[in-house]
Amino acid sequence: MSSLTGKTMGRPGREGNVLVQFSAFMFLVIVTAASVLGLVLSDFVRSHVIRMHGSFYALSLSPNFDDLLATGNGTEFEALKSGLESAGGLPHVKDLAVWDATGKQLFGPAGFHEGRTRDDPLPVALGGSVRFVYGTRPRAFSFGPPRGDLFLFLPIKDAAGRMKGVISLRESDSALAGDLDEAARTIALLVAIAGCAIYAALFLLYYRSYRRQRTAAERLRQSQESIIFAMSSLSGLRDQETGGHLERCKGYVRILATRLQSERQFRSYINNEYIRSLASIAPLHDIGKVGIDDAILRKPGKLTDEEYEAMKKHSELGAGILDAARERLSFPSQLELAVELTRHHHERWDGKGYPDGLAGEAIPLSARIMAIADVYDALRSERYYKKAMPHAEAIKVMKESAGSQFDPGIVSVFLANHSEFEAIFMDAAP
Ligand SMILES: [Fe+2]
Ligand SMILES: [Fe+2]
């Protein structure tokens, strides 16, 4: 069974990307919403302006309608046309047509709109509603508002609301289209400004809450580290393992895990959070020594077999303490990694370690890394029962233990970076 551990740890860089992802997502949502809103609003305003325009015509032409019907010839119609032109009231009107209430065309050119509009607006106008439709576009495909002539069909009613007929105008759209384009541009600009303001406000809100959350998480992390350090110092009080040893172990495991991260077999597994967690919990590895008798811990000479067996209990004791704490939490935490590291940091690659006699990759990765960090520092430090060993000699011992006591792959990484180990030891030498 291959055991890498830390399965609850997140992936590197995930937190940092949240802000970018949120910003990009919000930007897309707001740009899409603003575009749709801009188009809908522009269309609404365009329709509204044209209907108002049509209503104004209908109101202006209504008094002439009875005269048009009464004469039965084109005189009155021509008079109306020329009257409109000379008055300058309808300078864009290109043509005029008149229908009675039954839909029969009375005046105006034959085929006034047939074949020139996408649908027939006459029935709608006869139903009593102002109807407008653009003429066929000059191009098969184009962006922006329609550019053909505008056909306006205006229902004319008497005072009682009865339908008298329809007057239709074919109008050049150039001036009207210019006005409508300007209105559409103004609307689009206003919507874009509103969209930017909403985006900025949402981004600010999210950023502030993100920063608060990050600060709270960082404070919690620091609190955890200080509690871990206080707990691990307990073992140091009983043993010769000082605060310096615990701090140095953090540095060693950080180097090993960081270098292992670039190795092919660990690349997909070790991430920045794993490294941070491993360094954070490393000082807990001998917490179980609080339960070992002082007479054994501080014995200057070699331990008897019985004393050694008692000493070996510290890894299980420590894991038990941490596991009890872990069980009180309802969410994954660093304590899971701490439990396995503490329990297994005395396992050996050849299976002759304790407490479970795990071998090879069955030993959790955290414990394999910790074993190398712990033993290197122990070799370099003076104990009740031994002298401190120089760096070169310690390197030799570590190298000889590759494949028996230690994971040979991690020993290779250690050997490739041994000068950093020495630097850490010298910086905080006991
Ligand atoms: Fe230990
Ligand atoms: Fe230790």
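Here is a short, friendly tour of this structure, from the whole chain down to one strand pair and one helix. Keep in mind as you look around that this is a predicted model. The protein chain has 430 residues, and 33% of them are buried. Its secondary structure amounts to 14 helices and 5 strands.

**The chain as a whole**
- Take the contacts between residues at least 6 apart in sequence: 65% of them join residues at least 24 apart.

**The sheet**
- An open sheet is formed by 5 strands, and reading across it you meet E2, E1, E5, E4 and E3 in that order.
- The pairing in this sheet is antiparallel.
- At the edges sit strand E2 (105-107) and strand E3 (131-134), each of which pairs on one side only.
- On average, neighbouring strands of the sheet are turned by 25° against each other, direction ignored.
- As general background, the strands of a sheet pair through backbone hydrogen bonds, in either a parallel or an antiparallel way.

**A closer look at E4 and E5**
- Strand E4 covers residues 150-157 and strand E5 covers residues 163-171, and 8 bridges join the two.
- E4 and E5 run antiparallel.
- To find one of these pairings on the model, start at Leu152, whose bridge partner in E5 is Leu169.

**Helix H7**
- Helix H7 spans residues 272-281 and is mostly covered, with 7 of its 10 residues buried.
- The buried residues of H7 are Tyr274, Ile275, Ser277, Leu278, Ala279, Ser280 and Ile281.

Key. Residues are numbered from 1 along each chain as its sequence is written. Chains are lettered from A and ligands numbered from 1 in the order in which they are written. This is a predicted model: local features need pLDDT of at least 70, side-chain atom pairs count only at pLDDT 80 or more; totals for chains, interfaces and linings use all residues. A residue is buried if 20 or more other C-beta atoms lie within 10 Å of its own, exposed if 12 or fewer, and partly exposed in between; C-beta atoms are placed from the backbone. Helices (H or I, at least four residues) and strands (E, at least two) are DSSP runs, numbered from the N terminus. Two residues are in contact if their C-beta atoms, placed from the backbone, lie within 7 Å. Two strands pair if DSSP finds at least two bridges between them. Axes are lines fitted to C-alpha atoms, for helices over the stretch in contact, and angles run from 0 to 180 degrees between N-to-C directions.
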